[in-house]
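Me: I'm new to reading protein structures. Could you walk me slowly through the place where the two halves of this one meet, and what surrounds it?

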Amino acid sequence: MSIAVGLVGATGYTGLEVARLLASHPTAKIVAATARADAGTSIASVHPSLAGVLDLTLQELDAESLAKRCDVVMCCLPHGASAETVHDLIKAGTRVIDFSADFRLSSRDLYESWYKVVHPWPDRIGKTAYGMPEFFAKEIADADLVANPGCYPTSAILPLAPLVQSGLIDTGDIIVDSKSGVSGAGRSAKIGTLYCETNESISAYSVGSHRHQPEIEDLVHRIAGTSVRVVFTPHLTPMDRGILSTIYVRPTSGDAKTSAEQVMRTWRERYAGCPFITPVDHLPATKHVAGTNRVQMTVRASGDRLVLVCAIDNLAKGASGAAIQNMNVMFSLDETTGLT
Ligand SMILES: NC(=O)C1=CN([C@@H]2O[C@H](COP(=O)(O)OP(=O)(O)OC[C@H]3O[C@@H](n4cnc5c(N)ncnc54)[C@H](OP(=O)(O)O)[C@@H]3O)[C@@H](O)[C@H]2O)C=CC1
Ligand SMILES: CC(=O)N[C@@H](CCC(=O)OP(=O)(O)O)C(=O)O
């Protein structure tokens with residue numbers, strides 16, 4: 001079987017990462033890639049690292065013709081811009097993996113209150129598979145549309161959800177402190193991501209107001225069936241890629257040291273069949289997972305708290321790697337195909 005993949009918004013960082021990763025996929029091949037201003041030029045002229053890897057001319061987006069040629073389309077557009085394109089692609093009859101946040105949340109009200117826009121296809125909100133095969137493999141396998149998770153939420157939901165599910169941690173007192181590489185902000189020019197703004201510097205942003213806070217709360221609730229309250233603070237750090245999340249929680253009973261042992265046991269049991277999730281004894285670093293779809297997590301006791309540490313690559317398990325893992329599940333392949 002061969003899977004024909006379309007890439008929408010191919011000029012960005014996640015588009016490049018999809019192309020890099022799919023170059024070593026045995027059965028999936030990018031057959032079309034779209035852009036706006038760069039339509040008509042070769043993809044390698046926009047992403048020079050693809051020279052000799054992917055020989056394609058970027059084209060303007062035409063949902064009907066893309067749907068005819070593609071078994072699945074990876075839609076790498078910003079939130080807000082994505083939903084309408086996703087709608088047109090689905091109506092034209094192809095399957096879509098949406099990288100944006102437009103279909104991730106459970107309700108229209110939650111989406112519109114955080115994203116401050118009217119959703120153009122509200123009927124699909126709450127009826128879309130969340131692209132985390134570790135929890136939603138069955139829905140993903142049958143889905144016409146998969147909402148690929150946000151990068152920060154991936155690094156928080158994976159360590160937290162099994163602990164909430166097992167009642168090991170206090171659900172009203174969760175602090176997620178995350179650091180991201182600059183590629184997390186995308187490739188388009190912004191003052192905040194210029195070299196002189198980010199080099200040799202680290203800064204918190206969107207404190208108390210980042211849109212990934214409701215995504216973490218909503219998804220942990222969906223997975224564990226229990227409401228959680230999260231304080232989430234993202235930081236921009238001077239590295240190209242990677243996310244490290246340090247998560248402070250309180251155990252529901254017993255001393256923190258005994259609870260830390262239970263946390264490791266719970267993760268090992270829950271993720272035993274999940275090839276990309278590795279509970280580790282060492283303190284994970286972004287370098288340990290860079291360029292891979294892997295997730296490393298560990299726990300330490302500190303006073304009466306537990307400190308969870310989770311490392312991912314924002315462009316791989318945080319975006320394009322997860323999308324390929326989802327595609328594998330959608331097309332009944334082993335989920336590690338092309339990702340090992
Ligand atoms: N970077 C990351 O680590 C992660 C990103 N995501 C999400 O993935 C999606 C893509 O991210 P990323 O690749 O980093 O973003 P980029 O900004 O690097 O690229 C997005 C591409 O979308 C196109 N685009 C931008 N605005 C519009 C618009 N209004 N209408 C149509 N096309 C537009 C642009 O291409 P052109 O102008 O050439 O048409 C641009 O190259 C986003 O939704 C992002 O939030 C999710 C997880 C992690
Ligand atoms: C460093 C940085 O700026 N990161 C981005 C998150 C990228 C991501 O995953 O966002 P989506 O929900 O849009 O997919 C941010 O904070 O908005």
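Reply: Here is a walk through the two domains, their contact and the two ligand sites.

This is a predicted model, in which local features need pLDDT of at least 70 and side-chain atom pairs count only at pLDDT 80 or more, while totals for chains, interfaces and linings use all residues. Residues are numbered from 1 along each chain as its sequence is written, while chains are lettered from A and ligands numbered from 1 in the order in which they are written.

The protein chain is assigned domain 1 (3–148 + 318–330) and domain 2 (151–314); such bounds come from an automatic or database domain assignment. The centres of the two, taken over C-alpha atoms, are 24 Å apart. In the contact, domain 1 takes part with 18 residues and domain 2 with 23 residues, where two residues are in contact if their C-beta atoms, placed from the backbone, lie within 7 Å. On the side of domain 1 that touches domain 2, helix 5 (108–115), helix 6 (133–142) and helix 11 are the elements that give two or more residues. Helix 11 gives the most, with 5 residues. (Helices, H or I with at least four residues, and strands, E with at least two, are DSSP runs numbered from the N terminus.) That side of domain 1 has 11 nonpolar, 5 polar and 2 charged residues. Here Ala, Val, Leu, Ile, Met, Phe, Trp, Tyr, Cys and Pro count as nonpolar, Asp, Glu, Lys and Arg as charged, and the others, Gly among them, as polar.

Now for the first sheet. It is open and has 6 strands in the order 2-1-3-4-6-5, with parallel pairing; two strands pair if DSSP finds at least two bridges between them. At its edges are strand 2 (28–34) and strand 5 (129–130), each pairing on one side only. Strand 5 is joined to strand 6 (residues 145–147) by 2 bridges, and Y130 stands opposite A147 in strand 6. Helix 11 (residues 316–330) packs on this sheet, touching strand 1 (3–8), strand 2, strand 3 (72–75), strand 4 (95–98) and strand 6, and its direction makes about 155° with that of strand 4. (Axes are lines fitted to C-alpha atoms, for helices over the stretch in contact, and angles run from 0 to 180 degrees between N-to-C directions.)

The second sheet is open too, with 7 strands in the order 8-9-7-10-13-12-11 and mixed pairing. Strand 8 (203–204) and strand 11 (277–279) are at its edges with a single partner strand each, so one side of each has no neighbour in the sheet. Strand 12 (residues 295–302) and strand 13 (residues 305–312) pair in the antiparallel sense over 7 bridges, and S302 has R305 as its bridge partner in strand 13.

Both ligand shells bring the domains together again. The shell around ligand 1 draws at least three residues from each domain. Of its 28 residues, G9, G12, R36, G186 and R187 come nearest, where a residue is near a molecule if its C-beta atom, placed from the backbone, lies within 6 Å of it. Helix 1 (13–22) and helix 11 each supply at least two residues of this shell. Ligand 2 also draws at least three residues of its shell from each domain; among the residues around it are H79, S100, C151 and P234. That shell has 5 nonpolar, 5 polar and no charged residues.
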